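User: Please walk me through this structure with short questions and answers. Keep each answer brief and end it on what I asked for.

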Amino acid sequence: DYIAGLRTLTRERPYLGLLATMALFGAASACLMNFSGLNILRLGGDARLISLSNTLAALLEVPVMLLSHHWFRRVSYRITIVVTLSGFALIQMVLSRVTVAWQIPLVMSLVGLCFGLMWTAIVNVANSGAPDGMRATSQGIAQAAHGGSNREESRASATARSIMRASPVSG
């Protein structure tokens, strides 16, 4: 019974903690991606550099996800989540100190490493607590918690970029 499975999921404290983590991770991811784009523009870069930055971040995700089973032989999913969240915080701090636009894509390439490991760990944690027949639903709800806040932050960033294009930035 699908409804009974949802009730079981909502009674699992670790799963509820995962959902809270995913919502915060989604908001932080959106802020990170949007901040990097706005910072590139602020430092004199253009849309091509933003595209390069996002592409480098995405390119590293795939091999990290593909090879993550080697990592998870040595490190637990929960430790991985803590390590990657710390990695995202470190990336954000480095991005706040960058002074030249072309440095941002180099730093953003590290996002792929953190995101690939984080997402693989999240999927496995969601699976481990899901009742039989509810694994895909458990993953989908976790993804919705991540993506829902991400979209709202993206809308706010699009508005900020429009404002930046309309008026000169004073430094």
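**A buried phenylalanine and its surroundings**

Analyst: In this predicted model, phenylalanine 115 has a relative accessible area of 16%, so phenylalanine 115 is buried.

User: Is phenylalanine 25 buried or exposed?
Analyst: The relative accessible area of phenylalanine 25 is 2%. Buried means under 20%. Phenylalanine 25 therefore counts as buried.

User: How are the rings of phenylalanine 25 and phenylalanine 115 arranged?
Analyst: The count of aromatic pairs comes to four. In the pair of phenylalanine 25 and phenylalanine 115, the ring centres are 5.8 Å apart. The planes meet at 25°, so this pair is stacked.

User: Which helices does this pair link, and how many residues apart are the two rings in the chain?
Analyst: The pair links distant parts of the chain. Phenylalanine 25 sits in helix H2 and phenylalanine 115 in helix H5. Their separation along the chain is 90 residues.

User: How are the rings of phenylalanine 115 and tryptophan 119 arranged?
Analyst: Both phenylalanine 115 and tryptophan 119 are buried. Their ring centres lie 5.5 Å apart. With the planes at 15°, the pair counts as stacked.

User: What separates phenylalanine 115 and tryptophan 119 in helix H5?
Analyst: The two residues are four apart in helix H5. Their separation is therefore about one helical turn.

User: Which residues form the aromatic cluster?
Analyst: Phenylalanine 25 and phenylalanine 115 are a stacked pair. Phenylalanine 115 also stacks with tryptophan 119. The one cluster is made of Phe25, Phe88, Phe115 and Trp119.

**Fold and core**

User: How many helices and strands are there in the chain?
Analyst: From the N terminus on, the elements run α-α-α-α-α-α. The chain has zero strands and six helices.

User: Which residues touch the most other members of the largest nonpolar core?
Analyst: The largest nonpolar core holds 36 residues. Those touching the most other members are Leu18 and Met22.

User: Which helix supplies the largest share of this core?
Analyst: At least two core residues come from each of H2 (13–42), H3 (47–72), H4 (77–97), H5 (103–128) and H6 (135–166). The largest share is 13 residues. That share comes from H5.

User: What does methionine 22 touch, not counting residues up to four places away in sequence?
Analyst: Methionine 22 is one of the two residues that touch the most other core members. Beyond four places in sequence, methionine 22 touches Trp119, Ile122, Ala142, Ala145 and His146.

User: Where is histidine 146 found, and what is in contact with histidine 146 beyond four places in sequence?
Analyst: Histidine 146 belongs to helix H6. Its relative accessible area is 7%, so histidine 146 is buried. Outside its sequence neighbours, the contacts of histidine 146 are Met22, Phe25, Gly26, Ser29, Phe115 and Trp119.

User: Is serine 138 buried or exposed, and what is in contact with serine 138?
Analyst: Serine 138 lies in helix H6. Relative accessibility is 0%, so serine 138 counts as buried. Leaving aside neighbours within four places, serine 138 contacts Leu9, Tyr15, Ala126 and Ala130.

User: How far apart in space are valine 123 and glutamine 139?
Analyst: Valine 123 lies in helix H5. At 23% relative accessibility, valine 123 is partly exposed. Valine 123 and glutamine 139 are 16 residues apart in sequence. From C-alpha to C-alpha, their distance is 6.0 Å.

**Charges, cysteines and totals**

User: Which side chains meet in a salt bridge?
Analyst: The count comes to one salt bridge. Its N to O distance is 2.6 Å. The partners are aspartate 46 and arginine 48.

User: Is arginine 48 buried or exposed?
Analyst: Aspartate 46 has a relative accessible area of 30%, so aspartate 46 is partly exposed. For arginine 48 the value is 66%. The cut-off for exposed is over 50%. Arginine 48 is therefore exposed.

User: How many disulfides are found?
Analyst: Cysteine 31 is partly exposed at 37% relative accessibility. Cysteine 114 is buried at 10%. In the whole structure, the number of disulfides found is zero.

User: What share of contacts between residues at least 6 apart in sequence joins residues at least 24 apart?
Analyst: The chain has 171 residues, of which 37% count as buried. Among the contacts in question, the share joining residues at least 24 apart is 83%.

User: What part of the accessible surface belongs to carbon and sulfur atoms?
Analyst: The accessible surface of the chain comes to about 9,800 Å². The part belonging to carbon and sulfur atoms is 64%.

Key: Residues are numbered from 1 along each chain as its sequence is written. This is a predicted model: local features need pLDDT of at least 70, side-chain atom pairs count only at pLDDT 80 or more; totals for chains, interfaces and linings use all residues. Side-chain values use heavy atoms; hydrogens and water are left out. A disulfide is a pair of cysteine sulfur atoms within 2.5 Å. Buried means under 20% relative accessible area, exposed over 50%, partly exposed in between (1.4 Å probe, protein chains only). A nonpolar core is a set of buried Ala, Val, Leu, Ile, Met, Phe, Trp, Tyr and Cys residues joined through side-chain atoms within 4.5 Å. Contact means heavy atoms within 4.5 Å. A salt bridge is a side-chain nitrogen of Lys or Arg within 4 Å of a carboxyl oxygen of Asp or Glu. Rings of Phe, Tyr and Trp (its six-membered ring) pair if their centres lie within 6.5 Å; planes under 30 degrees apart count as stacked, over 60 as edge-to-face and the rest as tilted. Accessible areas come from the Shrake-Rupley method with a 1.4 Å probe; for residues, only the protein chains shown count as cover.
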